[in-house]
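Good morning, everyone, and thank you for making time for this. I would like to walk you slowly through one structure, so please have it open while I talk.

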Amino acid sequence: MDDAGRAPVVEMVDIVKVFPGVRALDSVSFSVQPGEIHALVGKNGAGKSTLMHVLTGLYPPDSGAIRIRGVQHDNLNTARAKEAGISLVAQHVKFIPGLSIAENVNCGMLPLRRGGFVDWKKMARDAEERLARFGLDVDVKRRMEYTTVAERQMIEIARALFADASVVILDEPTAPLPKHDVAKLFEFVRRQREQGASFIYISHYLEEIFDVADRVTVMRNGAVVGSAPVRDITQPELIRLISGANVERYKRESGKPGQPVLTLKGLTRPRAYSDIDLTLHAGEVVGLTGLEGSGPGELARGLFGLEELGDGEVTLGTKVYRAGSPITSLQQGLAYLPRDRHGLGIVGMRSVRDNVSLSVLGRLQPLFGLINSPAERKLVQNYIDVLGIKTPSMQTAVENLSGGNQQKVVVAKLAATEPKVLILDEPTQGVDVQAKVDLLRIVDQLSRRGVAIAVVSDELNELMDICDRILVFYRGRIIREFKKGRDTITTTGLLAAIEGESVEKSNAVL
Ligand SMILES: Nc1ncnc2c1ncn2[C@@H]1O[C@H](COP(=O)(O)OP(=O)(O)OP(=O)(O)O)[C@@H](O)[C@H]1O
Ligand SMILES: [Mg+2]
């Protein structure tokens, strides 16, 4: 983008924001040009979301100036920020279930435009026209709950732009999206940029930054440490700016697997998976991958009792495994990190300490009769250290941590239950480059303590670094096994299998 001679749409100058125990923004200056996709990156807790909350008027800054389209705003609040053209599209767009897309699109505007009288046909037509203007061809009579997360985001962006937003903020929009929807969202965002809209784009997926952004600004510890056009920077340079150091990839040394812990035989659930034969051994890390809907996610949720498990034999240890609910699964020693961590697993108002130890209390109590506080503190501090959870103290409420750090609390909590089997669904989603490595390290350490671990993921490089075996699903079946030491594992080979290329050969393999 050519910045010369164009006034920025957003100019934030020397913004300071202090929370108890943290200087979240330490004199941050940040600006966005018209028609620019500006990526904002940095480690978990760097201050990205806080900066955006200041821009959307949610948090008043302690000092600093904000100019939007040339106008200085000294007392910004959410209504004024919106009016000035700033719009934030949430990762999980809120909508009113039961209503159609058209009704949801119109919701905020109905009373203003029609004075209490609603012409439904016209409303549908309007909504359709409006979305079409932004290149979205959807059936507006469809109910909102039947749209995909990506469609909801695009509808929300269109809605914001229609309401005259000039800057749309996307805070980790792609975390909950399957890969092909990411491409759709990007195409849509680029098209809106061509029309002059600006985007602030927050993501931990660095490839995405290079794919979609024009400029990238890096934050570290509440300060901006660099900003450059994307074409002038390389990925290793960007990683160094983000972390302040070189980040090594974490590669696990495969050990000798122990006894079988979880055994599935002929497990079948119609429209989800069929004839799954799979054994997880103690101390083993097994990757499960495939296209969206091809089975691994469904299998994980089935095993944890979030969805039906289906028919077949499942044994955990020496006993027949009873699926049905997360509680019974945890009691038998099977824990699961859900892909959609939204609202699951953590209790926002409670402290980091309570959250990590809540799930272990059951285990500590019978041992000690009452909660042994020094023991609890030690356990919690241990996980905070190992995972590098950035928190002012153990007492801090989890809802005040950054997104990525909340995520680490969830993992700490699961690890603290000391499960026999741990299933992680996209564990590195939303965590920064350094924290990814920390998480992979903890997976390795848990496996060395004898936990059998399955990682459901489509981050192929990470699977290759951490897994002893990778199983590829295609249309509900396991069609290939790649084993470290036996097979040469490459991303190309994995991708081919994921696309189903080796379906014919598969019978010979398994
Ligand atoms: N409401 C709040 N009260 C207290 N501290 C807060 C609050 N919101 C954020 N913080 C702290 O401010 C710092 C910056 O957090 P922020 O959410 O902006 O990080 P982030 O860069 O968005 O990280 P992530 O990538 O993990 O989402 C963190 O140390 C966080 O704990
Ligand atoms: Mg954040």
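I will go through a sheet, then the surroundings of a ligand, and then two pairs of helices.

Before anything else, please keep in mind that what you are looking at is a predicted model.

Let me begin with the sheet. Strands of a sheet pair through backbone hydrogen bonds, and they may do so in a parallel or an antiparallel way. Here 4 strands make up an open sheet, and if you read across in the order β2-β1-β4-β5, you will find that the pairing is antiparallel. At the edges lie β2, residues 22-32, and β5, residues 71-72, each of which pairs on one side only. If you look at β1, residues 10-19, and β4, residues 63-68, you can trace 5 bridges joining these two antiparallel strands; to take one example, Met-12 has Ile-66 of β4 as its bridge partner.

Now to the ligand. Which residues are closest to ligand 1? They are Asn-44, Ser-49, Ser-402, Gly-403 and Gly-404, out of 18 residues that surround ligand 1. The shell takes at least two residues from each of β2, α1 and α14, so please notice that β2, the edge strand we have just met, comes up again here. The shell also draws at least three residues from each of domain 1, which spans 10-243, and domain 2, which spans 260-499. Sorted by class, the shell holds 11 polar, 5 nonpolar and 2 charged residues.

From the ligand we can follow α14 to a neighbouring part of the model. Two packed helices are described by the angle between their axes and by the distance between those axes. For α14, residues 403-416, and α15, residues 433-448, the angle is about 0° and the axes are 12 Å apart; the two helices are therefore roughly parallel to each other. On the α14 side the contact is made by Gly-404, Lys-408, Val-411 and Ala-415, and on the α15 side by Ala-435, Leu-439, Ile-442 and Leu-446. By class, this contact has 6 nonpolar residues, 1 polar and 1 charged. Gly-404, which takes part in this contact, is also one of the closest residues to ligand 1.

The second pair is α6, residues 149-162, with α7, residues 179-194, which pack at an angle of about 10° with their axes 10 Å apart. That angle makes α6 roughly parallel to α7. The contact is made by Ala-150, Gln-153, Met-154, Ile-157 and Leu-161 of α6, together with Asp-181, Lys-184, Leu-185, Phe-188 and Gln-192 of α7, and these residues divide into 6 nonpolar, 2 polar and 2 charged.

Thank you for listening.

Note on methods. Residues numbered from 1 in each chain as written. Chains lettered and ligands numbered in written order. Predicted model: local features only at pLDDT ≥ 70, side-chain atom pairs only at ≥ 80, totals over all residues. Axes fitted to C-alpha atoms, helices over the stretch in contact; angles between N-to-C directions. Parallel < 35°, antiparallel > 145°, perpendicular 65-115°, else oblique. Contact = placed C-beta atoms within 7 Å. Nonpolar A, V, L, I, M, F, W, Y, C, P; charged D, E, K, R; others polar. Pairing = 2+ DSSP bridges. Near = placed C-beta within 6 Å. Domains from an automatic or database assignment.
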